[in-house]
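Please look over the sequence and the model before reading further, and keep both at hand. The paragraphs below go through the fold step by step, beginning with a term that will be needed along the way.

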Amino acid sequence: MAQYEDCFFTNPDGLKQHYRDYNNAGADAPVVLCMPGLTRNPKDFADIADHLADRCRIIAIANRGRGKSDYDPEPSRYMPLTYVSDVMALLKHLGISQVIALGTSLGADDHPYSGHAPRHAEGSHHQ
């Protein structure tokens with residue numbers, strides 16, 4: 001089982017958000033950002049981390065209101081653009097500018113280069 005650290009950051013709405021950081025591969029390793037579906041959590045990516053953590057840094061975010069992340073008292077903020085904003089805040093918090101994005105269900109739609117957010121990089125691809 002790959003080793004990870006449970007970590008937290010503060011999102012733009014002031015909520016504490018959880019992520020797992022499998023930071024075992026070294027400072028120069030590529031970063032895989034894992035984003036779960038709406039009702040899921042970072043544990044979903046444990047098997048992937050077991051296979052990749054020796055050569056990639058794996059970051060698995062928990063959406064607001066899920067897992068160990070704070071619940072948002074404002075229901076209108078549970079929407080794709082908010083989730084994208086949370087992901088961008090996590091990357092800024094970690095000082096990460098490039099990732100390999102991996103998502104399931106809603107998580108596949110909410111990465112910073114999806115159709116829900118302005119394009120931030122040339123050559124990004126969304127299916």
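Two strands are said to pair if DSSP finds at least two bridges between them. With that in mind, one bridge can be picked out straight away: Arg20 has Ala60, in β4, as its bridge partner. What is shown here is a predicted model, and the predictor's confidence therefore deserves a glance, since pLDDT is its confidence in each residue, from 0 to 100. The mean pLDDT of the protein chain is 83, and 80% of the residues reach 70 or more. Residues 113-127, however, have a pLDDT below 50, although in the model this stretch makes 23 contacts beyond near neighbours in sequence.

The overall plan comes next. The protein chain contains three helices and five strands, and, read from the N terminus on, the elements follow the order β-β-β-α-β-α-β-α. Of the 127 residues in the chain, 43% are buried. If one takes the contacts between residues at least 6 apart in sequence, 67% of them join residues at least 24 apart. The chain exposes about 7,000 Å², and carbon and sulfur atoms supply 50% of that area.

Now follow the strands from one to another. Strand β1, residues 5-10, runs antiparallel to β2, and six bridges join the two; in one of these pairings, Phe8 has His18 in β2 as its bridge partner. β1 and β2 form a hairpin with five residues between the strands, and there Gly14 takes a positive phi near 80°. β2 is in turn joined to strand β4, residues 57-61, by four bridges, and these two strands also run antiparallel. Here Asp21 stands opposite Ile59 in β4. Strand β3, residues 31-35, is joined to β4 by four bridges as well, but β3 and β4 run parallel, with Leu33 standing opposite Ile59 in β4.

Why can β2 be called largely enclosed by the rest of the structure? Six of the seven residues in β2, which covers residues 16-22, are buried, and therefore the strand is largely enclosed. The same reasoning holds for β4, where five of the five residues are buried, so that this strand too is largely enclosed by the rest of the structure. Both faces of β4 are covered, because the buried residues include Arg57, Ile59 and Ile61 on one side and Ile58 and Ala60 on the other.

Among the helices, α1 covers residues 46-52 and contains Ala49, a residue that counts as buried because its relative accessibility is 0%. Leaving out residues up to four places away in sequence, Ala49 touches Ala2, Tyr22 and Ile58. The C-alpha atoms of Ala49 and Cys34 are 9.6 Å apart in space, while the two residues are 15 residues apart in sequence.

Helix α2 allows a check on its length. With 15 residues, and at 1.5 Å a residue, α2 should span 21 Å, and because its end C-alpha atoms are 21 Å apart, the model agrees with that expectation. The buried residues of α2 are Thr82, Tyr83, Val84, Asp86, Val87, Ala89, Leu90, Leu91 and Leu94. When reading such a list, it helps to know that an α-helix has 3.6 residues a turn, so residues three or four places apart point the same way. After α2 comes Gly95, which has a positive phi near 70°.

The loops on either side of α2 complete the tour. Is Ser69, in the loop between β4 and α2, buried or exposed? Ser69 counts as buried because its relative accessibility is 4%, which falls under the 20% limit for that term. The side chain of Ser69 reaches the backbone oxygen of Ala62 at 3.0 Å, and, leaving aside neighbours within four places in sequence, Ser69 is in contact with Lys16, Gln17, His18, Ala62, Asn63 and Arg64. Pro73 is found in that loop between β4 and α2 too, yet Pro73 is exposed, with a relative accessible area of 66%. Although Pro73 and Leu15 are 58 residues apart in sequence, their C-alpha atoms are 9.8 Å apart in space. In the loop between α2 and β5 lies Ile96, which is buried, with a relative accessible area of 14%. Ile96 touches Val31, Arg57 and Leu91, not counting residues up to four places away in sequence, and the C-alpha atoms of Ile96 and Val31 are separated by 8.2 Å, although these residues are 65 residues apart along the chain.

Definitions and conventions:
Residues are numbered from 1 along each chain as its sequence is written. Side-chain values use heavy atoms; hydrogens and water are left out. Buried means under 20% relative accessible area, exposed over 50%, partly exposed in between (1.4 Å probe, protein chains only). Contact means heavy atoms within 4.5 Å. Accessible areas come from the Shrake-Rupley method with a 1.4 Å probe; for residues, only the protein chains shown count as cover. A polar contact is a pair of N or O atoms within 3.5 Å; within protein, one must be able to donate a hydrogen and the other to accept it, and residues adjacent in sequence count only if both atoms are side-chain atoms. The expected span of a helix is 1.5 Å times one less than its number of residues.
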